Amino acid sequence: MLYAEEPDPAEGDRLMHALAGGVYVGVLFVGWHPTRPGSLEGAPEVHPDYRRRGVCRALYDWAADLYGAPMAPADSHSDDAAAFWACYGRQATDR
């Protein structure tokens with residue numbers, strides 16, 4: 001189950017949550033990207049037991065749908081994030 005809090009009226013940022021079987025498995029802080037106008041940037045955190053199961057992808061896809069804008073990677077990120085974006089970008093263009 002995915003749940004989104006109401007956006008901050010001034011900035012448009014919001015928290016989005018993911019639950020699986022009543023267990024809290026992930027969160028995404030999402031807002032407008034500071035250097036890529038018209039795109040979103042997210043800061044996800046997924047419980048280690050639920051990583052690589054599509055939780056982050058589901059949160060990112062839902063955020064893009066809610067805002068009507070594409071997600072974009074942060075200007076600097078971890079190696080794990082780089083691997084996610086390599087896969088996410090490729091799959092997004094395959095649809």
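In this predicted model, Glu45 comes out as partly exposed, at 47% relative accessibility. Its side chain meets that of Arg51 in a salt bridge, with 3.1 Å from N to O. Arg51 is partly exposed as well, its relative accessible area being 43%. Side chains of opposite charge can pair when their charged atoms come close. The count for the model stops at one salt bridge. Glu45 also has a place in the strand pairing: it sits in E4 as the bridge partner of Val27.

That pairing belongs to an open sheet of four strands, laid out in the order E1-E2-E3-E4 with antiparallel pairing. The edges are taken by strand E1 (2-4) and strand E4 (40-46); each has a single partner strand, so one side of each is left without a neighbour in the sheet. On average, and ignoring direction, neighbouring strands of this sheet are turned by 20° against each other.

Going through the sheet pair by pair, E1 and E2 are joined in the antiparallel sense over three bridges. Here Leu2 stands opposite Ala18 of E2. Next come strand E2 (residues 14-20) and strand E3 (residues 23-32), antiparallel over seven bridges. Two of the partnerships can be named: Arg14 has Val30 of E3 as its bridge partner, and Met16 has Leu28, again in E3. The hairpin of E2 and E3 leaves two residues between the strands, and Gly21 in that hairpin takes a positive phi near 60°. E3 and E4 then run antiparallel too, joined by seven bridges.

Leu19 gives a closer look at strand E2, where it lies. Is this residue buried, exposed or something in between? Leu19 has a relative accessibility of 26% and is therefore partly exposed, since the buried class ends at 20%. Leaving aside residues up to four places away in sequence, Leu19 touches Met1, Tyr24 and Val25. Leu19 and Tyr3 are 16 residues apart in sequence, while their C-alpha atoms are 8.3 Å apart in space.

Ser39 makes a useful second stop, this time in the loop between E3 and E4. With a relative accessible area of 13%, Ser39 is buried, because that value falls under the 20% cut-off. Which residues does Ser39 touch, once those up to four places away in sequence are set aside? The list reads Gly31, Trp32, His33, Pro70 and Ala72.

Zooming out, the protein chain has two helices and four strands. Read from the N terminus on, the elements run β-β-β-β-α-α. As for overall dimensions, the C-alpha atoms fill a box of roughly 35 × 30 × 25 Å along the principal axes. The radius of gyration is 13 Å, which agrees with the value near 12 Å for a compact globule of 95 residues. Of those 95 residues, 33% count as buried. Taking the contacts between residues at least 6 apart in sequence, 44% join residues at least 24 apart.

How far the coordinates can be trusted is the last point. The average pLDDT of the protein chain is 86, and 93% of the residues score at least 70. Residues 91-95 are another matter: pLDDT stays under 50 over this stretch, for which the model has four contacts beyond four places in sequence. Where pLDDT is low, the predicted coordinates should not be read in detail.

Key. Residues are numbered from 1 along each chain as its sequence is written. This is a predicted model: local features need pLDDT of at least 70, side-chain atom pairs count only at pLDDT 80 or more; totals for chains, interfaces and linings use all residues. Side-chain values use heavy atoms; hydrogens and water are left out. A salt bridge is a side-chain nitrogen of Lys or Arg within 4 Å of a carboxyl oxygen of Asp or Glu. Buried means under 20% relative accessible area, exposed over 50%, partly exposed in between (1.4 Å probe, protein chains only). Two strands pair if DSSP finds at least two bridges between them. Axes are lines fitted to C-alpha atoms, for helices over the stretch in contact, and angles run from 0 to 180 degrees between N-to-C directions. pLDDT is the predictor's confidence in each residue, from 0 to 100. Contact means heavy atoms within 4.5 Å. The radius of gyration is taken over C-alpha atoms; the globule rule is 2.2 Å times the number of residues to the power 0.38.
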